[in-house]
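Student: Could you walk me through this model, starting with one helix and then widening out to the chains?
Tutor: Gladly; have a look at it first.

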Number of protein chains: 2
Amino acid sequence: MAKYVYLFKEADGDNKALFGGKGANLAKMTSWGMPVPQGFTITTEACTKYYDDGEKIVDSVVEEIFDALAKVEADAGKKFGDEENPFLVSVRSGARASMPGMMDTILNLGLNDVSVKGLARKTGNPRFAYDCYRRFIQMFSDVVMGSSKSSFEKIIDEIKEAKGVKQDTELTAEDLQELIARFKAFYKEDQGQDFPQDPKVQLIEAVKAVFRSWNNPRAIVYRRMNDIPGSWGTAVNVQSMVFGNMGDTSGTGVAFTRDPSTGEKKLYGEYLMNAQGEDVVAGIRTPMTIDHLAETNKAVYDQFVAIASRLEKENKDMQDMEFTIEEGRLYMLQTRNGKRTARAAIKIACDLVDEGMITDKEALLKIEPKQLDALLHPQFNAKALKSAKAICQGLPASPGAAFGKISFSAEEAVERAAKGEKVVLVRLETSPEDIEGMYAAQGVLTARGGMTSHAAVVARGMGACCVAGCGALKIDEDNKLLYINGVKYTTEDYLSLDGSTGNVYGEKIETEEASVSGDFARIMEWADKYRALQVRTNADTPKDAATAVKFGAEGIGLCRTEHMFFAEDRIPAIREMIVSTTEEGRRKALAKLLPMQREDFIGIYEAMEGRPVTIRFLDPPLHEFVPHKEEEIRELAANMNLTYEELKAIVDNLHEFNPMMGHRGCRLSVTYPEIAEMQTQAVIEAAIAVSKKGINVVPEIMIPLIGDIKELKYVKDVVVKTAERVLAENNAKMAYHIGTMIEIPRAALTADEIAKEAEFFSFGTNDLTQMTFGFSRDDAGKFLNEYYEKKIFESDPFARLDQVGVGKLVKIAIEGGKSTRPDIKLGICGEHGGDPSTIEFCHNVGLTYVSCSPYRVPIARLAAAQANILNPRVKPAPMSTRYIQEN
Amino acid sequence: MAKYVYLFKEADGDNKALFGGKGANLAKMTSWGMPVPQGFTITTEACTKYYDDGEKIVDSVVEEIFDALAKVEADAGKKFGDEENPFLVSVRSGARASMPGMMDTILNLGLNDVSVKGLARKTGNPRFAYDCYRRFIQMFSDVVMGSSKSSFEKIIDEIKEAKGVKQDTELTAEDLQELIARFKAFYKEDQGQDFPQDPKVQLIEAVKAVFRSWNNPRAIVYRRMNDIPGSWGTAVNVQSMVFGNMGDTSGTGVAFTRDPSTGEKKLYGEYLMNAQGEDVVAGIRTPMTIDHLAETNKAVYDQFVAIASRLEKENKDMQDMEFTIEEGRLYMLQTRNGKRTARAAIKIACDLVDEGMITDKEALLKIEPKQLDALLHPQFNAKALKSAKAICQGLPASPGAAFGKISFSAEEAVERAAKGEKVVLVRLETSPEDIEGMYAAQGVLTARGGMTSHAAVVARGMGACCVAGCGALKIDEDNKLLYINGVKYTTEDYLSLDGSTGNVYGEKIETEEASVSGDFARIMEWADKYRALQVRTNADTPKDAATAVKFGAEGIGLCRTEHMFFAEDRIPAIREMIVSTTEEGRRKALAKLLPMQREDFIGIYEAMEGRPVTIRFLDPPLHEFVPHKEEEIRELAANMNLTYEELKAIVDNLHEFNPMMGHRGCRLSVTYPEIAEMQTQAVIEAAIAVSKKGINVVPEIMIPLIGDIKELKYVKDVVVKTAERVLAENNAKMAYHIGTMIEIPRAALTADEIAKEAEFFSFGTNDLTQMTFGFSRDDAGKFLNEYYEKKIFESDPFARLDQVGVGKLVKIAIEGGKSTRPDIKLGICGEHGGDPSTIEFCHNVGLTYVSCSPYRVPIARLAAAQANILNPRVKPAPMSTRYIQEN
C-alpha cells in the first residue's frame, strides 16, 4: 500500500517530487543532525489523491497522519491539546518548485481553550499565549474556513474602543481572553458551529486548506508564469512550533549564504530578537544584520555559520535559510536554493566553479535562462534612477529602458530621429504603419492594448523598450499634448520608460547599454561548448543583425521582407502595385522596390559577415498596406490619380473575413508571381554584390504559408528560374537554398511530400499554434483568462510551445521531412524560438537551430546548453563552417 | 524496357488505366473481330512520361510510334503521303475516364500537297479531297500550332467574296485549291515556317498537341468537377480514317443500346448519309433515327444491331457507339458505357439485373451517386415547363424547383407563408437573420453571391431551392418592386426558380414532389443490404428530420441549436443574454429560451421516432446575433432600454479580427456555463416528455470546437451535473451520451486524450479543412480559382475531403480515439458527409456513420454500398436497434 505520510527522519531528502522542496530539505537537515523542529511531511501524492478522490482526505490517509503525529508527540514529550505541555504545530505548503507566498500557512495549530493555559503556564507569559490563540483563531477562520478577515478586525476595534486603547499591544491578557470569547461567538454565528476544540480536527482541516490553496487563483497564475504543471500538487509539512518571541533570548531571521543581489561571497541576512517571522517581514521594527549576532550570541552565530556553510556545500548552491532562536537555542526552520538576480546568478555560478564546488556543466544548470533578459537590454543608470519617481505605470510589454522627447506620430518620430533627436513614440495604440516610427524611436508607450497587442509584439521582436496599455495617458493628438494625472507634457518634454517594470517617468533618466562580458561571457562560452542546437536570430535590418551577432547569433533564421515595405519611402510603391489591375502595372511598381530591397539585403549580408541568412518572402495580406479610413483613402487616391470611389472599391475588395486565413504568404506569389521574381532578383543580386567584397553568402529563400507540395513547387519554379536568369546575366555562380515555413497544419502532415522540394523547414510556430488550436492570437485574449482561471490551460500557448498538440505536428513534420530528405535542415522561427522550455523541446526532437529575436540569443544559447547537458546528442559542426564548406 | 505504343490488336482491352477508355474498347472490339478501322494506341504512361521529360516525346517513343505506323500501313496496304493510295489517320485523345469534348482531336492527318491528289483520284471526288485538306490545315493550325481560327475564317470570307458566292459548299475544287494556297501562305507568315508536308512530322506534333490538351483549362475544370486525378494522363489513339462523306452509300452516326434519357430497352440513335461526324453534331441537316437504317440498308442495320447487342453483353452495360458507313461498309469507330440521366441509370441497372446480365451488387456500381440528386428535389411538371421561358439566369446554387409570389424580406416571407401563401424570397444577398424567411419561402433568389455565398450554403443545407448571384435583378426594396430586364414585378407576381439550372421564370410553373419509389426504392434496398456505414442526417427542425427519415436516415448526426436562436421570437432573448453583464441577467434571458428549445427538441425527437439524435450546443460567435448597422443598433437599444452608446460598446466589444478563430463553440460554454446548462435542461426535459409518449430517446450531446481534453471535461461536468439534476427532479432515468466534434486540428492530434471523456467523435470537416489548410472558406474563393488554373489544387477541398492532409488528421484521431475507447462511435457531419468520394474514405477508415443533409441521404446510402462492395468490411447491426438495446 502506498505511504502518504513520512516523518522528517524517514523521508528521502533527494526526492523533491514526492516531498516538495521544503519537506526534502527538512529531511536532509534532519539526517545531517541539524537542529530542526521535528514533524512530518504529507506527500504531493496525497495532494493529487485528495483531488482525485473528489477533494477529500480518505480515512486511511487521516490515520497515517495521526500515526505520524503520535510519534512526533512522543519524541517531543508533548501532547496535542495538553493542559501541561501542549504540542503546537505549523502547517505549511511545500511544492516541488518554490512558490513563495502563493499558498497557505497556519501557525500555532493545536491551541484551544485548554492548551492555551498550558502555553501560558509553560512560557510564564499569559499575554503571549492568549495573543497566539486569538491569532490562531483569526488565521484558521480566514485561511481554513473562509470567514472574512475584516469581521475579526472589527471586533478588535470594538474591544480597543471599549478599553480605551489605541494599539493591539496595549490589550492585556484579560482583554485578549474577552476578545477570544467574542471571536468564538462570531465564528459560531458565521460558520454555524463551534470553533473546533479538537486539535486533530483543526489539523485535518488545515491540511485540506493547504491542498486547496494549490489551486487558488494566485497559485495558478504563478504556475503559469513559471511553467509549473498543475498536476504536481503540493506537499504539506507539519512541524513543531518553536517561538522566537518568547523573550529577549529568542529571535528569528532569514539569511543567504551569498548576497542574492550581487552574488558576493558573504553571509547575508537579518534577524529580530523577541519576534516571530511575520514581524521581520512586516517592517515595523528594523532588523539587525546577521553579523550583529556574532556580537550578541557568538555560540549561536558560530553554530549558524557552520550549518550555513555545510548546507551550501551539500546543496552545491547558495542557500536561503530561515531560523529561529528559542530561549537561546538555534532551530533551522527551512533551507532552499536562494532566489537571486541575474547578475548574482552568473557570479555565483562562476565562483562555485572557481571554488571547485561544481563543474562548468553544473554551473550552466544553475542559471535560469529567462533571467538573462534583464542583462540584455539597456538599463537606467542606477544612480540616476534612485532619485526618479514614476508618474504612472503601464504593462511591462518589452524590456529595456529608454528616454526621449515625446513624439505623437510615427512620421514625426522618423523625422526627428533622422535629425539625431532621441524620441519616445506615444500612441493610443500602434498599427503596422507605425513600424518605422517604432523603429526610429527609443521606446514606445501606448494607452491601450495588452501584452500581446501590436505594439508589444512588434517591440519585443525588435528588442525595443515598450510600455503598453497605460490607462493614465490622455492623448490630445491634434494639439500634440499629453496629460498624465492632470500634468501637461509637450513634444519638448522628456519621458523615460522602463519596459521591465512598466514604469513611466516624466523626466530624462540616463541609460546604459548591455554587453556580454566578464562572467557573463564566460557562461556563454561554456554554453557554446555544451550545446548541440545552433542559435540564429530573427532580424529584418542591418542594425538588428549586428546586435544579434554581438550576442552570438550564428545566422539569421527569419528575415521578414514585409517590414521593409512599410517604410515611408517604399509604401507608395507597394500601394501602386496593389492597385494595379495588370501584371505590367505591378511589374512597374515592383521595379521601384527592387533597388531598395537589394540595398536592404546587402546591408544585412554585410552585417552577418558570411553567416547564413534565411529570407522569408512577402507574407501579410495586402490590405495591411492600404489605408482604411475615409480621409486616408481620399488622400491616397489623390496621390495615385484615382477617384475616391475607385480606390475605395479596391480597398473594399481586399477585405477579408478572417485575414489570418486569407490571401497571404505563398498565396500572394501564386497569384502574383512577379512579386516572388522581384524578391528573388533582389536576394541574388545583393549576394553577388557582397561576394565582390569578399563576403560569401549562401542565401536561403523561405516560402511562407505552404500547405501543399504543388504550391511550393509552383513558387519554387518561379524563384529558380529568376535566380538562374540573374546569375547568368551576371555571369556568376552561387549556391542558394530554397525551403519553406512549416506553419500550416497541412504542411506538417504532408511534410514527407513537401521535403521533396524544400531543402529546409522552419517551424513558424506562431501561425502553427493558431491553426492547431483554432484560435487567433488577436481574439483569444478575450477568453484565455477564463481558461487559466478554470485551469483548462496552464500556460499561454503563444509564449510556451504546446508540446502535446502543436509539438505532435512538429514531430510528424520532422519524421516526414527526414524520411524524404535525411539531411534536411530544421529550424524554428516563431516567437517560441526564444522560450527556454521550447528550446529544450527543439533540442530533444532534433532541430538544427532555433531562431529568436537578437536580445534572446544569449538566453537561447544557455537554454540549448542546458538541454544538451540533460539529454545529450551528437553535436554537429558549427553552422557557419558547414555552410562555407558547402560552397 | 517499357513499351509505350500498342497496335489495337496487341492492346489489353481490360486495361483502361494504360490504354484509356477509347483505346481499351477499340482493342476489345478488334479482338472480337468487329469491323474497326485499325490503328494504334499511345499509352497514358507515354503522356505522363511526356510531362516528366519536360513536355517532350523522347526519341525512343517516337521510334515506337513510327514502328506501329509502319505495321498499320502495311496491313492497310496504304502509305503515309502516298500519291496513289494515301494513308490518313485521326488522332484522338482517350483518357481512363470519359471526358467528352474536353481534349483535342485531329482528323484527316496525312494530307499534304501530294497525298491530297491521291485522295482525289481514289475517291473520284477532287472537291471532297481538297475540302478535307483545307479543313486539315485549319484544324492542325488551330489545335496543334495555336494559330487563331478567325484568320482562316477571314481568308475564306475573302475568297467567297472574290468568287461571288455565299456558302462554303458553293466553292469549287479549284476555289479550294486557291484557298489552300492562301492558307499555307498565312501559315508561313504566322508560324515562320512552311506548313509541314511530312505526315510523320504532322503526326508527332498532333500527338504532342493531344498530350498538351490534357492540361487545357476546360479539361482541368472538368476533372475537378468529376474527381479525375491530373496524374492519370490521356492515351492517344491513331486510327485509319474512314469516310462517311464519300457519297450516298456512305454515312455516319451515333447510337445507344438503350434510351439514355428514360432507360427504355431499345436501340436509340441517329445517323446522316454522306456526312462526317461533325455534320451530325452541327445540326444543319436533320439526322434520321437508327430504325430508318433497317429500311435503307438491312444488311448493315442487322450487322450493327448484332454488334450493339454483343457490345452491351460483353460490357454488361448500355453502350454509346460511333459508327461510319464507307461505301456500304460498316465501321465501328468507338464504343463506351453511355452517359445517362439519373432516371435512366436506375431503370437500366434494374433491367440489367432482371435480364440476368448483372448482379444487384454490380447494378449498384453502375449508378453515379451524385446523379441521384436530380431525383431528390421537387421538379417542374415537364409539360408545364415546356411552354415556359426563362426571363434570366443565375447560379444553380441549390437544386430543386419552386414557385411563389415575390417577397422582399424574411419577415414578410414568414408572415405570408404563415397565412398559407407560397412565396419566393428575393434578396440582394442573405444573412443569418434571414434564415427563418428562407425556411418559410419555397425558394430563394439573390442578386449577389456565388456558389458558396450564405444563401447558397444555407439553402443546400436546408435542401431548399436557391438561385444565387442573378445579376439581372434590380431590387427596389423600399417600394417592394423588382425589375428584370426592364420588366416590373410586384409582390403579387409569381416567380419560378430552377435551382438545378439557375433559370428564373416570370410565371407560376407547377412542381412535383420527389419520392423514393419503384426502381429507385429497389436500388436503395440493395444499397442498404450491402452497406456497412450508417447514414444519418444533419437536421435542425422537425420538417427536415421528417424529410430525412423519408429518405432513409437512421438518425440525426448534427442538430445545430443556433439555427433555432435566429428565429424572430427568440432572437430578442438571445440578445438580452448577450448584453447582460451579469450571470443573473444571462440566466433570466436563458430562462425565456428554455421552453422554446425544449419544444424544438420534442418536435425533432418525435419526427425521428426513437432514432438517435445528436444535438450540438451553441457554436457561432455571439456577434452573429447582434446587428451591426447604426440604425439597427439604435432600434435594438431602444427595445432593450439601453442607450445607443451602451449597446454600440457591447457590439464593438464582440468584434473579432478572425471570427472563425474566435470566441465560439465550447469556448462560449467555458465563459458562460449557464448556456450549456439551459441547453442540457432542454435536451433532457424534451427526452423525458417524449418518453411519456412511448418514444425512447437516447440524446447525444455534442460539444463543439474542442481542442483540449480539459475544455471538454469542464463543459461535460456542467452538462452531467445539469442532466442528473433534471433527471432527479423528474424522478426519471435515462441514458444519454456526451461526445465532441473533432474540428480543431489539436483535437485530432490529442484524440487519445479526448476520448477519455468523449463517448463519440463527429468529424466537423468544414472547420477541420479550414484550420488544416489555414484558409477560411469565406476568403479562399478569392484565390482558389488561381489554384485550379495553376493545377495546384485539383478539387475544392470544401466539397471533396482532402484525404491526404485532412484525411491524415482524421486517421490520427480515429487511431487515438480507438486506442483509448475501442467502441467509440465515429461519424462525420461536415458538408463532406454527402460527397461520395468522401463517403468511400469514411467507409475505408472505419467510421460508424456519415451525416448529410436530408436530400443527400439516398446518395450517401448508395455511395456507402459502393464503398463496401469495393472494400468489404464487417457490417454492424443497424444503429437504431443497437441504441434501443442499450436502453
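**One helix and its surroundings**

Tutor: In helix α20 of chain A (residues 542–550), the buried residues are A:Asp544, A:Ala545, A:Thr547, A:Ala548 and A:Val549, where buried means under 20% relative accessible area, exposed over 50% and partly exposed in between, with a 1.4 Å probe and protein chains only. Helices (H or I, at least four residues) and strands (E, at least two) are DSSP runs numbered from the N terminus.

Student: What do the buried residues of α20(A) pack against?
Tutor: They pack against elements of chain A, namely the helices α17 (435–440), α18 (454–462), α23 (583–608) and α35 (857–870), together with the strands β26 (534–538) and β27 (556–560); contact here means heavy atoms within 4.5 Å.

Student: And which residue with positive phi follows α20(A)?
Tutor: That is A:Gly552, with a phi near 100°.

Student: Before we go on, what should I know about the model and its numbering?
Tutor: This is a predicted model, in which local features need pLDDT of at least 70 and side-chain atom pairs count only at pLDDT 80 or more, whereas totals for chains, interfaces and linings use all residues. Residues are numbered from 1 along each chain as its sequence is written, chains are lettered from A and ligands numbered from 1 in the order in which they are written, and side-chain values use heavy atoms, with hydrogens and water left out.

Student: Ok, chain A as a whole: how many helices and strands?
Tutor: Chain A has 36 helices and 33 strands, and 59% of its 887 residues count as buried.

Student: What is its radius of gyration, against the globule rule?
Tutor: The radius of gyration of chain A is 32 Å, which agrees with the value near 29 Å for a compact globule of 887 residues; it is taken over C-alpha atoms, and the rule is 2.2 Å times the number of residues to the power 0.38. Along the principal axes, the C-alpha atoms of chain A fill a box of roughly 100 × 60 × 55 Å.

Student: Switching to the interface, how many residues of each chain are in contact?
Tutor: There are 49 residues of chain B in contact with 49 residues of chain A. The two chains bury about 4,400 Å² between them, 59% of it on carbon and sulfur atoms, where buried area is the accessible area (1.4 Å probe) that two parts lose on being put together, summed over both. On the chain B side, B:Met661, B:Arg746 and B:Leu749 supply 15% of the area that chain B buries against chain A, more than any other three residues.

Student: Is A:Thr750 buried or exposed, and what does it touch?
Tutor: A:Thr750, in the loop between α29 (745–749) and α30 (751–754) of chain A, counts as buried because its relative accessibility is 5%. Not counting residues up to four places away in sequence, A:Thr750 touches A:Gly707 as well as B:Val804 and B:Gly805 of the other chain.

Student: Back to phi: which residues other than glycine have positive values?
Tutor: Among them are A:Asn485, with a phi near 50°, and B:Asn108, with a phi of about 60°. A:Asn485 sits in the loop between β21 (481–484) and β22 (487–489) of chain A and is exposed, with a relative accessible area of 59%. B:Asn108 belongs to strand β6 (residues 105–109) of chain B and, at 3% relative accessibility, counts as buried.
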